[in-house]
Amino acid sequence: MSQYFSLAAGSTVAAVSTAHGKAGIAVIRITGSDSINIVSKVFFPRSGKKISDYPASSAIFGDIYCNGDCVDSGLLTVFYAPRSYTGEDTAEISCHGNNLCVSMILSALFENGAEPAGPGEFTRRAFINGKLDLAQAEAVAELIDAESTAAIKLSNAKVAGKLSAEIDDISHTLTEILASVYAFIDYPDEDLSDMSADEMKTALENALSRLDFLCSGYASGRAVSCGVKTSIVGLPNSGKSSLLNMLLGSERAIVTDIAGTTRDVITEKAVIGNISLVLSDTAGIRKTDDIVEKIGVEKAYSSLDEAELVLAVIDGSSKLCDDEKNMIDLLLQKQDKNIVLIVNKNDIENPCPEKAEYISGISPRFSHSVSVSAKNGEGKDKIEQAISELYPAGDELLASGLVVTSARIYSALKNAKDAVSDGLETLKNYTPDVAGTDIERAISFLSMADGRSVTEDIVNNIFSRFCVGK
Ligand SMILES: Nc1nc2c(ncn2[C@@H]2O[C@H](COP(=O)(O)OP(=O)(O)OP(=O)(O)O)[C@@H](O)[C@H]2O)c(=O)[nH]1
Ligand SMILES: [Mg+2]
């Protein structure tokens with residue numbers, strides 16, 4: 001049992017755990033100390049035996065009654081505390097996936113004493129009862145939301161608890177260092193501490209590099225699980241919509257040779273390698289008197305401002321013009337963004353040496369520059385390569401479970417890392433006792449990371465983002 005006694009709701013709650021709609025089956029879950037008693041008033045085994053006579057984890061075939069009428073038949077699975085998902089007595093009714101049947105069965109459970117479960121109530125109880133820590137609970141929500149195989153791999157490894165184990169291990173190392181620091185404080189003249197100052201320094205450096213590794217994976221973790229906000233910008237007719245279509249593998253946006261075809265922002269999700277991109281195709285940037293296009297260009301600027309990654313498209317086959325130079329100058333000022341220069345239309349020979357010279361001049365000023373033909377699909381692999389270099393997320397890293405995706409965990413780890421770094425700096429200049437407060441601070445941030453010391457508000461906030469039934 002974790003420290004969240006105040007959160008522990010003694011009530012027995014029920015909810016449907018499968019999606020709303022017609023389906024082969026639906027699963028209704030009920031958890032709490034009274035769940036077996038309540039379900040016994042609704043579900044009747046065909047064997048004639050009592051539910052409580054069956055051993056744990058039994059799947060029991062029977063009939064389901066509502067107000068004295070049999071409304072369905074199905075399977076009941078029973079789990080007894082603490083060997084269940086929530087850590088409480090739990091029953092799961094698998095009935096037919098008819099919305100009306102499901103709501104009648106739920107009503108029958110409510111009439112017999114169950115209460116409706118709130119969002120994430122089952123996982124929240126699993127957390128309260130120490131079955132999962134907060135990092136694992138958040139990973140469960142991510143698994144449900146995962147939209148790519150890479151995101152599934154990543155959240156599965158975290159549900160298994162590898163991130164929590166790593167945080168716990170670093171915390172353990174810091175606690176050992178702190179014990180030595182305390183020994184030094186209590187008996188400064190006697191050599192009672194387990195570690196010398198040099199050994200403490202090495203141990204702190206080791207903790208720092210492990211924390212650094214976890215923090216450095218955050219951008220990639222977000223890119224795999226939530227997707228990178230990506231804006232495709234460029235002059236009219238440079239091939240932005242063609243690029244969007246190439247990356248999506250479908251003709252999503254209208255492509256014509258009329259400059260100013262795209263007016264509104266078109267947003268679609270694409271999976272490139274292991275990384276998800278939330279791609280926005282925008283209106284070509286130019287001065288215009290057309291009212292609608294003008295709004296489109298303003299939206300293009302906003303999309304550029306909001307983006308984390310920019311695919312800046314220039315037409316490698318056209319003449320150089322001032323609008324293009326201005327756009328490139330603007331982009332070169334956006335140091336906070338990852339910008340990939342896409343030199344498009346490489347299937348057409350460039351008739352303009354001035355343009356070729358300009359491109360060779362600006363290319364090295366972007367982190368990545370790739371030559372493509374959005375029209376015939378050439379160069380997609382080069383874009384994929386550039387993105388995988390910006391957001392490294394190889395299969396091995398994802399399977400390691402050591403990839404942070406939660407802003408809450410990242411912030412706690414980053415603070416812990418800074419505190420360890422301060423501690424190392426202190427150790428270089430002072431005696432070990434002075435570094436003690438930094439180490440204590442680091443340990444306290446780590447306990448926030450895995451949820452051992454977060455406030456009730458934070459816990460409630462996390463679970464409120466879950467769906468009902470999970
Ligand atoms: N040859 C060649 N033509 C291309 C390529 N990419 C796009 N085009 C053509 O260039 C024209 C403009 O393409 P779009 O994709 O509509 O360009 P855009 O940047 O979205 O244009 P706006 O929406 O008007 O800003 C179309 O005729 C495309 O077929 C390419 O790689 N090679
Ligand atoms: Mg377009």
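Which residues have the most contacts inside the largest nonpolar core? In this predicted model, they turn out to be Ile28, Ile105, Ile342 and Ala416, in a core of 118 residues. Take Ile28: leaving aside residues up to four places away in sequence, Ile28 touches Ala14, Val16, Ile93, Cys95, Val102, Ile105 and Leu106.

Turning to the ligand, 24 residues sit around ligand 1, and Gly239, Ser241, Thr262, Gly284 and Lys375 come nearest. Helix α9 (residues 240-248) is the top contributor to this shell, supplying three residues. Sorted by class, the shell around ligand 1 comes out as 13 polar, six nonpolar and five charged residues.

Then there is a helix pair to look at. The axes of α5 (residues 149-159) and α8 (residues 218-225) are 8 Å apart, and the two helices pack at an angle of about 125°, which makes α5 oblique to α8. On the α5 side, the contact uses Ala150, Ala151, Leu154 and Ser155; facing them in α8 are Gly221, Val224 and Ser225. Four of the contact residues are nonpolar and three are polar, with no charged ones.

A few backbone oddities round things off. Most residues other than glycine have a negative phi, and most peptide bonds are trans. Ser57, though, has a positive phi of about 65°; Ser57 lies in the loop between β3 (43-45) and β4 (59-66) and counts as exposed because it has just 11 C-beta neighbours inside 10 Å. Asn67, in the loop between β4 and β5, also has a positive phi, near 50°, and is exposed, with 9 other C-beta atoms within 10 Å. Finally, the peptide bond joining Ala81 and Pro82 is cis, with omega about 0°, and Pro82 is found in the loop between β5 (69-79) and β6 (90-97).

Note on methods:
Residues are numbered from 1 along each chain as its sequence is written. Chains are lettered from A and ligands numbered from 1 in the order in which they are written. This is a predicted model: local features need pLDDT of at least 70, side-chain atom pairs count only at pLDDT 80 or more; totals for chains, interfaces and linings use all residues. A residue is near a molecule or strand if its C-beta atom, placed from the backbone, lies within 6 Å of it. Helices (H or I, at least four residues) and strands (E, at least two) are DSSP runs, numbered from the N terminus. Ala, Val, Leu, Ile, Met, Phe, Trp, Tyr, Cys and Pro count as nonpolar, Asp, Glu, Lys and Arg as charged, and the others, Gly among them, as polar. Axes are lines fitted to C-alpha atoms, for helices over the stretch in contact, and angles run from 0 to 180 degrees between N-to-C directions. Angles under 35 degrees count as roughly parallel, over 145 as roughly antiparallel, 65 to 115 as roughly perpendicular and the rest as oblique. Two residues are in contact if their C-beta atoms, placed from the backbone, lie within 7 Å. A nonpolar core is a set of buried Ala, Val, Leu, Ile, Met, Phe, Trp, Tyr and Cys residues joined through C-beta atoms within 7 Å. A residue is buried if 20 or more other C-beta atoms lie within 10 Å of its own, exposed if 12 or fewer, and partly exposed in between; C-beta atoms are placed from the backbone.
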